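Colleague: Please give me a close look at one loop residue in this model, starting with how much of it is accessible. Then go on to the other loops, the helices and the interior.

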Amino acid sequence: MSLGGGLKLVLIGDGESPHLLKWARALQPRVQLYAISSRGFLPEFLKLLPDAQRLALNTEPEHAGGNVALIKQLPRMGAWLADTDADWLHAHYLTSHGSLAWAAKLGWRLRAQIAGSAWGSDILVTPQRGGAWRWMTKKVLRHCAIMTSDSLHMTERMRELGAGEVMTFPFGLEAMPKQNAKKQPWLCFANRGLEPIYRPQLVIDAFARIAAAQPEARLVVANDGSLRAALEADVAARGLAEKISFVGRLDAQAQAAHYARATWFLSLPESDSVSVSVLEAMAHGCVPLLSELPANREVIGDSARGLIVAGNVGSLDDLPARMAALDAPRLAIVNRDWVAANGLFEPHVQRFLTRLKELTPA
């Protein structure tokens with residue numbers, strides 16, 4: 001184990017992702033932290049770690065993996081890691097950054113062990129793309145001494161692919177938000193990406209049913225993506241432009257304000273693990289309306305904390321009546337309490353680091 005400050009750990013991932021930054025904030029006080037980014041780094045990363053402890057590869061990787069530009073950076077990365085001599089390489093998104101960590105360890109004979117954190121589609125989607133992807137995923141999993149997963153469903157898939165030790169915990173909140181706004185009874189909020197995998201069209205269709213039954217209903221659509229223009233055109237064509245607002249990408253403070261006022265939160269992706277956005281919404285007392293996925297059932301139980309919405313337009317007809325039957329003010333309290341007990345990040349990070357220390361040779 002490294003001297004003078006406990007474990008020496010290198011995060012390997014997308015330094016422009018707020019999710020990787022969240023891991024860095026949690027780890028930085030507890031380990032000697034270094035970071036490699038396949039792209040650049042968010043400004044807060046620059047404040048968190050000195051230049052000597054960061055390496056930006058400045059590529060534009062495809063999240064499905066197999067990016068040639070990223071592979072070309074392997075010699076630079078391997079040499080930097082050999083010089084750093086870390087105890088652990090902590091790779092986030094297994095089919096791209098996990099593959100890099102494995103290749104660097106083999107090619108430069110690094111003593112570091114690999115910890116892998118699965119993010120969702122790297123396990124739930126990529127291995128289904130073909131034999132080569134499945135082979136690569138299995139190879140990376142077998143070279144990880146320990147892994148993290150944010151849902152029991154994803155953990156099962158990882159074990160089917162040959163994973164060894166997996167710690168399962170939600171990629172939760174850093175702190176519980178304060179309750180500082182009055183809920184608007186039929187205000188809905190959605191903030192997943194406006195891309196096909198998140199099915200924003202189904203969100204619009206669901207809200208159209210809600211608005212037909214509840215004329216006072218309103219929907220705020222945050223975030224951005226390739227489908228935004230088509231969605232805005234569809235909303236205008238349906239005469240819903242006064243009820244649905246597209247507000248683009250929001251900073252954390254603006255997003256928190258929308259969560260705080262909304263009673264309902266819509267998240268209807270076709271594939272997902274436990275979503276941080278859903279946990280954030282529940283922490284703000286929103287009632288989630290979620291797609292039929294195993295991880296979503298883990299979060300809301302058997303409709304104890306929200307509603308499961310099937311993934312076709314015909315299944316939406318009874319949605320307004322199902323919503324009206326719920327005691328939303330009571331669920332606001334129930335959901336906050338559940339997230340406080342199950343959805344905070346800090347205790348799980350400490351447990352993860354305790355396990356890394358146990359696995360690290362003296």
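Modeller: D85 counts as partly exposed in this predicted model, at 38% relative accessibility, a value between the cut-offs of 20% for buried and 50% for exposed. D85 sits in the loop between α4 (74–84) and β4 (88–92). Its phi is near 55 degrees, which is positive although the residue is not a glycine. Most residues other than glycine have a negative phi.

N58 can be set beside it. This residue also has a positive phi, of about 55 degrees, and is not a glycine. N58 belongs to the loop between β3 (54–56) and α3 (68–72). With a relative accessible area of 58%, N58 is exposed, because the cut-off for that class is over 50%.

A positive phi also occurs in a glycine: G285, just after α12, has a phi of about 85 degrees. Helix α12 itself spans residues 276–283 and is mostly covered, with seven of its eight residues buried. The buried residues are V276, S277, V278, L279, A281, M282 and A283. They pack against α1 (18–27), α11 (252–261), β11, β12 (287–291), α13 (294–300) and α15 (328–342). At the N-terminal end, S275 caps α12, with a side-chain oxygen 3.1 Å from the backbone nitrogen of S277.

L279 leads to another loop residue. Leaving aside neighbours within four places in sequence, G343 is in contact with P170, G172, L173, L279 and W338. G343 is located in the loop between α15 and α16 (346–359). Unlike the two loop residues above, G343 counts as buried, at 0% relative accessibility. From C-alpha to C-alpha, G343 and T126 are 27 Å apart in space, and 217 residues separate them in sequence.

The cysteines come next. There are zero disulfides in the structure. C188 is not in a disulfide, and the nearest cysteine sulfur, that of C286, lies 9.8 Å away. Why does the sulfur of C286 form no bond with that of C188? The 9.8 Å between the two sulfurs is too far for a bond, since a disulfide requires them within 2.5 Å. C188 is buried, with a relative accessible area of 1%, and C286 also counts as buried, at 1% relative accessibility.

As for empty space inside, the structure contains three cavities of 30 Å³ or more. The largest cavity holds about 100 Å³ of space. Its lining is made up of 15 residues, of which A190, R192, L194, P200 and V203 are the closest to the centre. By class, 12 of the lining residues are nonpolar, two are polar and one is charged. At least two residues of this lining come from each of α9 (200–213), β9 (218–222) and β11 (262–267). The greatest contribution is from α9, with three residues. β11 also figures among the elements that the buried residues of α12 pack against.

L194, one of the residues closest to the centre of the largest cavity, is also touched by R228. Besides L194, and not counting residues up to four places away in sequence, R228 touches N223, F246 and G248. R228 is part of helix α10 (residues 228–237), and its side chain makes a polar contact of 3.5 Å with the side chain of D224.

Note on methods
Residues numbered from 1 in each chain as written. Predicted model: local features only at pLDDT ≥ 70, side-chain atom pairs only at ≥ 80, totals over all residues. Heavy atoms only, no water. 1 Å grid on protein atoms, 1.4 Å probe; cavity = no way out; pocket = protein on both sides within 12 Å on 5 of 7 lines; lining within 4 Å. Points joined across faces, edges and corners; volume = space filled by probe spheres on them. Helix = DSSP H or I, 4+ residues; strand = E, 2+ residues; numbered from the N terminus. Nonpolar A, V, L, I, M, F, W, Y, C, P; charged D, E, K, R; others polar. Buried < 20%, exposed > 50% of the residue type's maximum accessible area, 1.4 Å probe, protein only. Contact = heavy atoms within 4.5 Å. Polar contact = N/O pair within 3.5 Å; in protein donor to acceptor, adjacent residues only side chain to side chain.
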